[in-house]
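Hi,

Here is the structure I promised to send over. Have a look first, and my notes on what turned up are underneath.

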Amino acid sequence: MKKLILGGRAIITGRGSIAELGNIQAGRAFIVTGGSAMQTSGIIAKLEAILQAAGCVTCVYGGIGKNPDTQAVLDGLASMRNFRPDVLVAVGGGSPIDAAKVMALFYDYPELDFACAQTAELPQARKQLQFVAIPSTSGTGTEVTRAAVITFRELELKIGLKTPAFIPDLAILDADITMTMPDNVVAETGMDALTHAVECYINRNADDVSAVLAKGATAGLFAWLPVSYQERTIESREKVHHYQCMAGLAFDNTGLGMAHGISHALGGKFNLGHGLLNAIALPYVLAYNAQDPVVDGRLAELAQSIGRQGGSAFIAAVKELNRQLAIPASLAEAGITCAALEEDFAGLVENCLKGSTRANPVPVTAGQMAEILKHMH
Ligand code: NDP
Ligand code: MN
């Protein structure tokens, strides 16, 4: 038996849909965001105006950067406790939304901390606090998933914490706010979404519902991500925004695979973007996984959905898409030197075998992982 969580999520889509925040029944709104993008584009001011018009007192907490770590969450939590909100609105990329997910849970359960979050079962539901997520990148799907990825600096590792309590009460998919994404963010976050769809589709846990979503998202992203990158039209941004959410709904029930395992280890060590690392890893990981005829067959099905034939044609298409999006072809091109990669290489290999790699459809040994990393470099 497998319990799917698809329903129970409220998702509002459409241009201008951030205005729906005005219907929130709350008195004090704590707005969590990233570095500066949402302030610069004027979105924070708009959200504050919408909430204030609805009678809410607002407090903005910014500065949650890339690969948010445990300290970033605890700092935000302290500020949140001072303000005492009844709704948390997370707006930005996956980094601030994930940090906000954990802040929200710890706020409701003051007895929780990161030590027990890693070892014990997390509570399955939030208590009082309402939680709204408004993604400004098109990639992570975090607005609909039960995962929050946090960097544990002392372990040089990103860990995906999971509980249905992390699923926002409301996700607002307003593509207007994605229009300011720089080209590399469009490319990297889009490839994150594609990696979710593909790792879901070839996962051993794949079920019929997840498979339909994952295949649809794969085809949709292949069709629209290049348009979103090159032409920057609202239509294409909206399509990619929806397909990345579909990929999130898909993988939330299956788990991911080795591309994410590698990306979480490299991201924890080198602080590079999550989507960028996935994009670089994906073709290498698929080539390794395609040794298994079952996986090769699944990749052939994905190939068919984009008008190609055969598993290897699908891998070639992923490489082509990376090139179209100006994604570096190797870790070296992404700025990781040989010396940096080799420093505590055994520790890195060990970290790459953790997390999502455990859900990889083909088992992988330390020796094989070392080879994959060397190829990627
Ligand atoms: P980030 O949230 O790290 O944002 C990347 C960059 O994009 C930042 O510099 C940010 O600027 C900028 N940015 C975001 N939105 C806009 C915009 N609309 N206009 C201009 N600039 C913008 O990137 P991702 O969205 O890729 O999130 C990655 C994180 O999500 C990783 O930590 C990853 O592990 C996690 N993740 C979580 C999943 C889950 O299910 N929970 C699934 C997959 C990934 P600024 O900082 O100024 O806002
Ligand atoms: Mn991801």
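Let me start with the ligand. The shell around ligand 1 has 35 residues, and those that come nearest are Gly34, Gly35, Gly93, Gly94 and Ser95. Bear in mind as you read on that this is a predicted model.

By class, that shell around ligand 1 holds 22 polar, nine nonpolar and four charged residues. At least two of its residues come from each of helix H1 (37-40), helix H4 (94-108), strand E6 (147-152), H6 and helix H10 (274-289). And where does ligand 1 lie relative to the domains? Domain 1 (10-178) and domain 2 (183-376) both give residues to the shell, so ligand 1 lies between them.

On to the domains themselves. The domain assignment splits the protein into domain 1 (10-178) and domain 2 (183-376), and their centres, taken over C-alpha atoms, are 25 Å apart. Where they touch, 24 residues of domain 1 are in contact with 29 residues of domain 2. On the domain 1 side, strand E1 (10-13), E6 and strand E7 (157-162) are the elements that give two or more residues. E7 has the largest share there, with four residues. That side of domain 1 is made up of twelve polar, seven nonpolar and five charged residues. Note that E6 turns up twice: it supplies residues to the ligand shell and to the side of domain 1 that touches domain 2.

Next, the inside of the protein. The largest nonpolar core has 120 residues, and Val89, Met103 and Ala197 have the most contacts inside it. Helix H6 (residues 183-201) gives this core its largest share, ten residues. Both domains take part, with at least three core residues drawn from each of domain 1 (10-178) and domain 2 (183-376). As general background, nonpolar side chains tend to be buried together in soluble globular proteins.

If you want a spot to zoom in on, try Ala197. Leaving out residues up to four places away in sequence, Ala197 touches Ala214, Ala217, Thr218, Leu221, Ala247 and Ala250.

Helix H15 (residues 366-376) is worth a look too. Its buried residues include Met369, Ile372, Leu373 and Met376. Why do they sit on the same side of H15? They cover an arc of only 100 degrees around the axis, which puts them there. In general, an α-helix has 3.6 residues a turn, so residues three or four places apart point the same way. The buried residues of H15 pack against H10 and helix H14 (345-352), and H10 is also one of the helices that supply the ligand shell.

A few loop residues to finish with:

- Glu156 is in the loop between E6 and E7. Glu156 is not a glycine, yet it has a positive phi of about 50 degrees. It counts as partly exposed, with 17 C-beta neighbours inside 10 Å.
- Asn271 is in the loop between helix H9 (258-270) and H10. Its phi is also positive, near 55 degrees, in a residue other than glycine. With 13 C-beta neighbours inside 10 Å, Asn271 counts as partly exposed.
- Gly27 is in the loop between E1 and strand E2 (28-32). Leaving aside neighbours within four places in sequence, Gly27 is in contact with Cys56, Val57 and Asp86. Gly27 and Ala54 are 27 residues apart in sequence and 8.7 Å apart in space, C-alpha to C-alpha.

Cheers

Key
Residues are numbered from 1 along each chain as its sequence is written. Chains are lettered from A and ligands numbered from 1 in the order in which they are written. This is a predicted model: local features need pLDDT of at least 70, side-chain atom pairs count only at pLDDT 80 or more; totals for chains, interfaces and linings use all residues. A nonpolar core is a set of buried Ala, Val, Leu, Ile, Met, Phe, Trp, Tyr and Cys residues joined through C-beta atoms within 7 Å. A residue is buried if 20 or more other C-beta atoms lie within 10 Å of its own, exposed if 12 or fewer, and partly exposed in between; C-beta atoms are placed from the backbone. Domain bounds come from an automatic or database domain assignment. Two residues are in contact if their C-beta atoms, placed from the backbone, lie within 7 Å. A residue is near a molecule or strand if its C-beta atom, placed from the backbone, lies within 6 Å of it. Ala, Val, Leu, Ile, Met, Phe, Trp, Tyr, Cys and Pro count as nonpolar, Asp, Glu, Lys and Arg as charged, and the others, Gly among them, as polar. The arc is that of the directions from the helix axis to the C-beta atoms.
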